Amino acid sequence: MAAMALAAARLLLVRGSGSWRRSRLRSGAPAHRCFSSGGAYPGTPLSSPFPGVPQPVFATAGGQEKFETKVTTLDNGLRVASQNKFGQFCTVGILINSGSRYEAKYLSGIAHFLEKLAFSSTDRFDSKDEILLTLEEHGGICDCQTSRDTTMYAVSADSKGLDTVVGLLADVVLHPRLTDEEIEMARMAVQFELEDLNMRPDPEPLLTEMIHEAAYRENTVGLHRFCPTENIAKMDREVLHSYLRNYYTPDRMVLAGVGVEHEHLVECARKYLLGTQPAWGCEKAVDVDRSVAQYTGGVVKLERDMSNVSLGPAPFPELTHIMIGLESCSFLEDDFIPFAVLNMMMGGGGSFSAGGPGKGMFTRLYLHVLNRHHWMYNATSYHHSYEDTGLLCVHASADPRQVREMVEIITKEFILMAGTVDVVELERAKTQLMSMLMMNLESRPVIFEDVGRQVLATRSRKLPHELCALIRSVKPEDIRRVASQMLRRKPAVAALGDLSNLPAYEHIQAALASGDGRLPRTYRLFR
């Protein structure tokens, strides 16, 4: 009986999996098992290639020349850059030397509006939905981002759809319809983003705008990146076309691709981007702004009640936010790498950002500030770098009653930058910077942006191993030299929240010019 029950159970377990299995259980005769994925090649071992299947191509560890960025300049001045990367998908896009820094002679906020209007209807595509359906055929997604100096239209899709993708990008960039309905939708999107900017608990985007406004008063990168509320209703097709005519020209563009064959990309560029007439006509650009950034220093304050920014069962405490910055250098200068190492040594990109678990616990802003002053909620270093200038700044936040003490702690840290640099902390900062660089460049969209931005600015690209060699060569005296040079400049200060205890700008400037970073003492007759 036990044997019969066992046989019945075995039959039940394999029911529905093929009559050959049931017959094998009954008779015990061997049978060949046909897997669904390998039935076509029953006698081929895994160590041999399948007949009729293309030979695989594998990446190798050696040979840097295989990873070299190729650049070709077309007759109209447009540059085509590509980077080899294995995989089925590619990222392709057009980067344009255009942004808010070029809006001095125009309505402020045009670049912000163009970002919201990206991938709308064109001469070939009647709507945004049609564009998205076309991309969907190749598993594609699209995005547009604008910064102070660059506008980027990008698509990630299957590499087999490269011709379709480049044609679509050319149409989106050069032949947008900019209908009244689309412009009205963009107005609503911009209005919503401005409201969100002022309401969000994280004030970092707003403070970044304020510190640039303070550092470069009314010029180039100090101009507003977001469209002011009073300009939203003034945007129309004529205003946008007047800007596009001067800045969306082939000599200010780079078509960059990662995961594509360079010759195929150049062929597509010639097909869709050479000799085409844009929607705004072919008149020659006559009003291009070539101004060089002028660092001014100064202070921008925004008094605001921050007590109800974060609501809920455990509301965020009321904080005052201060950002202090000093001019660093352009990314084209040799000192850019020492400044990047200095920023990482201070705690760049957030005390606990990418670089491995706990990497922020060895930065100066954690060891000297957050670890010693429990009442400070945040201390973060940022480094913004452009083609003609740069800004290194520290963002700190605390209770409004302790703002003066917080500012003095930050000014002391600025002074210590030019002091003794421990070899161990320097090596750790260099290792963290290289680690962050290499981990970010594992992502195909990041490689695309790196290729496009470098070629747009310098017409070539430094490869990761070249950047790592420059990082390794940074010495303690390089850090002290760039920090001392930075401290000779006037500070830029941005302050947000309850500012009743904020020190005067002149006192902050005096503290950064002193030897110890202390604020001048103030005395009151009545307390």
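The following paragraphs describe the overall make-up, the main sheet, one buried helix and the nonpolar cores of a predicted model.

The protein chain contains 527 residues, and 48% of them count as buried. Its secondary structure consists of 17 helices and 11 strands. Among contacts between residues at least 6 apart in sequence, 79% link residues that are at least 24 apart. The accessible surface of the chain amounts to about 26800 Å², and carbon and sulfur atoms account for 54% of this area.

An open sheet is built from six strands, arranged in the order β1-β2-β6-β3-β5-β4, with mixed pairing. The edges are occupied by β1 (70–73) and β4 (141–146); each has a single partner strand, so one side of each lacks a neighbour in the sheet. From one strand to the next, the twist averages 15°. Within this sheet, strand β3 (residues 89–96) and strand β6 (residues 253–258) run antiparallel and are joined by six bridges. L95 is placed opposite V254 in β6.

Two helices that lie across strands of the sheet may be described together. Helix α5 (residues 162–174) lies across β3, β5 (151–158) and β6, and runs at about 25° to β3. Helix α14 (residues 444–458) lies across β1, β2 (79–83), β3, β5 and β6, and its direction makes an angle of about 30° with β3.

Helix α12 (residues 403–417) was examined for its length and its burial. With 15 residues at 1.5 Å a residue, α12 should span 21 Å; the C-alpha atoms at its ends lie 22 Å apart, which agrees with this expectation. A residue is counted as buried when its relative accessible area is under 20%. Of the 15 residues of α12, 11 are buried, and the helix is therefore largely enclosed by the rest of the structure. The buried residues of α12 include V403, M406, V407, I409 and I410. E408, T411 and E413 are also buried, as are F414, I415 and M417.

The largest nonpolar core comprises 76 residues. Those with the most contacts inside this core are V92, F113, F119, Y153, Y248 and L255. Helix α5 gives the most to this core, contributing nine residues. A second, separate core consists of 54 residues, among them F339, L365, I410 and A483. I410 thus appears both among the buried residues of α12 and in this second core.

Note on methods. Residues are numbered from 1 along each chain as its sequence is written. This is a predicted model: local features need pLDDT of at least 70, side-chain atom pairs count only at pLDDT 80 or more; totals for chains, interfaces and linings use all residues. Side-chain values use heavy atoms; hydrogens and water are left out. Helices (H or I, at least four residues) and strands (E, at least two) are DSSP runs, numbered from the N terminus. Buried means under 20% relative accessible area, exposed over 50%, partly exposed in between (1.4 Å probe, protein chains only). Contact means heavy atoms within 4.5 Å. Accessible areas come from the Shrake-Rupley method with a 1.4 Å probe; for residues, only the protein chains shown count as cover. Two strands pair if DSSP finds at least two bridges between them. Axes are lines fitted to C-alpha atoms, for helices over the stretch in contact, and angles run from 0 to 180 degrees between N-to-C directions. The expected span of a helix is 1.5 Å times one less than its number of residues. A nonpolar core is a set of buried Ala, Val, Leu, Ile, Met, Phe, Trp, Tyr and Cys residues joined through side-chain atoms within 4.5 Å.
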